[in-house]
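Trainee: Hey, have you got a minute to walk me through a model I just opened?

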2 protein chains.
Amino acid sequence: MTTARTPVPEAARHLGLRERKKLKTRMAIRDATYSLIREQGYDATTVEQIADRAEVSQSTVFRYFPAKEDIVLTDEYDALLEGLLRERPAGEPVRESLRWAIRKAMTMALTDNPDHGQEEMLLRVRLMVEVPQVRSRLMESMSVTGRLLCRALAERTGRHENDLEVRVYAMGLMGALLETMIYWVEGDCREDVLELIDRTLAVCADLPRR
Amino acid sequence: MTTARTPVPEAARHLGLRERKKLKTRMAIRDATYSLIREQGYDATTVEQIADRAEVSQSTVFRYFPAKEDIVLTDEYDALLEGLLRERPAGEPVRESLRWAIRKAMTMALTDNPDHGQEEMLLRVRLMVEVPQVRSRLMESMSVTGRLLCRALAERTGRHENDLEVRVYAMGLMGALLETMIYWVEGDCREDVLELIDRTLAVCADLPRR
DNA sequence: CCATGAAATGAGAGTAGCTGTCAAAAACAT
DNA sequence: ATGTTTTTGACAGCTACTCTCATTTCATGG
């Protein structure tokens, strides 16, 4: 297998050879996928081609990613968002905490991205919006992020994480934010995302403590 | 092909033989699918089995329904909701109009359902929540319903249907309502849906006119 | 009633995503 | 170097879905 185009992160240096190889394979598959998609588009790219270019077998591709869509959709941002949310002062209105946490997560996602360039990030967002299968998978993962949000919201408002109100607020917000991204991509990413997010949150109510 | 278990609606009587047959086939496929799912579950039911029981070829199944999920997911309620929304007085706050329109649509969906029993409706909702593929498809159709909502909301608020605020409000609402349904099904449909919907809308902000 | 055109169907081959199995190869431990 | 465990590749198989083409079924005008 050829060396992955994207450099292995420093954090991985101390791992054993086995672990390092796994990271390499993972990245080789992703790089192969992205380059093929750039050349031919998502649908025209088969898993066989991906495996060939990454110089691994099809089995290995599916061992690393449960489905084709997952190759382009790795959510590393759930944990980030949760952390950022916990950093905000406890007394702050929920909606304000959300605003800052989301702003920061978004900024980090779009700028200092360690293993993909910004251009790759934009392609990713575009695929989320344009390819139905990827969008579907994204929506699925939205409900995971939603549950996470529920926990954070419950903590802050003194409600239970399974409260209808908490869950509805969380999923409503996820829907709203996804639509914001779609709006942004439809406008060719020319508008300022942070401003769009502000406008989005202005439409949403605050979730009051109880 | 055997006669469909569900009776052909009266409204179809005046149609030509060809059209009537098409309706019958459609219903035969759906009935076959539902009975098979009740027996074996969704995943264990193959399109081949469905075709066999409906006494139709596989080609025909795919001619009537673009995907397996679509057999259980026929959205007849988008148009209904739109109509109900238009019936509300123009001066009423948007959120109130939504409350009544959604309540009524939900009531109609769950009670006076012409061609499926209530039990079939509940199975359908349960599939939406429990089977990932069906849920995915449902989420896809949510964005269609969302666009429809955008139009209605734009009309009422004097905004443009492509306004970020309108779109965010619509999709936020869709996310919230979907979560409400999931909550309801998770509690085995024992709680009063209409009350849950009221509580959901209480969490949402109103969309102000401009 | 029949002939002609149009629409619906069935049969079959083919594609791609995905799963599972099993033996070979690579990494690790001793 | 030897034995153990993990990772991999090759292969077979399943199913959803597509496409094509010949055949059947309905509609229509003479």
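Mentor: Sure, let's go through how the two chains meet and then turn to the DNA; keep in mind that this is a predicted model.

Trainee: Okay, chains first. How many residues of chain B are in contact with chain A?

Mentor: On the chain B side there are 28, and they touch 28 residues of chain A.

Trainee: And what's the area buried between them?

Mentor: About 2600 Å², with carbon and sulfur atoms giving 60% of that. Three residues stand out on chain B: B:Leu164, B:Arg167 and B:Val203 supply 25% of the area that chain B buries against chain A, more than any other three residues.

Trainee: Why talk about area at all?

Mentor: It's a common way to put a number on an interface: its size is often given as the accessible area lost when the parts come together.

Trainee: Got it. What is the count of salt bridges between chain B and chain A?

Mentor: Eight. One to look up is between the side chains of B:Arg167 and A:Glu179, at 2.8 Å from N to O. B:Arg167 is also one of the three residues I named for buried area.

Trainee: Any polar contacts across there?

Mentor: Yes, the rule finds nine residue pairs in polar contact across the interface, both partners at pLDDT 80 or more.

Trainee: Which helices of chain B supply at least two residues to that side?

Mentor: Those are α8 (132-157), α9 (164-186) and α10 (193-203). The largest share comes from α9(B), with 14 residues.

Trainee: What's the mix by class?

Mentor: The side of chain B that touches chain A has 13 nonpolar, six polar and nine charged residues.

Trainee: Switching to the DNA. Which residues are closest to strand C?

Mentor: Of the 21 residues that surround DNA strand C, the closest are A:Arg18, A:Lys21, A:Lys68, B:Lys22 and B:Thr60. Sugar and phosphate make up 60% of the strand's atoms that come within 4 Å of the protein.

Trainee: Can you give me some phosphate distances?

Mentor: A polar backbone atom of A:Arg18 is 2.9 Å from a phosphate oxygen of DNA strand C. For A:Lys21, a side-chain N or O atom is 2.8 Å from a phosphate oxygen, and for the side chain of B:Tyr64 the distance is 3.0 Å.

Trainee: Which element gives the most residues to the surface near strand C?

Mentor: That's α3(B), with four residues. By class, the surface near DNA strand C has seven nonpolar, seven polar and seven charged residues.

Methods. Residues numbered from 1 in each chain as written. Chains lettered and ligands numbered in written order. Predicted model: local features only at pLDDT ≥ 70, side-chain atom pairs only at ≥ 80, totals over all residues. Heavy atoms only, no water. Contact = heavy atoms within 4.5 Å. Buried area = accessible area lost by both parts, 1.4 Å probe. Salt bridge = Lys/Arg side-chain N within 4 Å of Asp/Glu carboxyl O. Polar contact = N/O pair within 3.5 Å; in protein donor to acceptor, adjacent residues only side chain to side chain. Nonpolar A, V, L, I, M, F, W, Y, C, P; charged D, E, K, R; others polar. Near = heavy atom within 4 Å.
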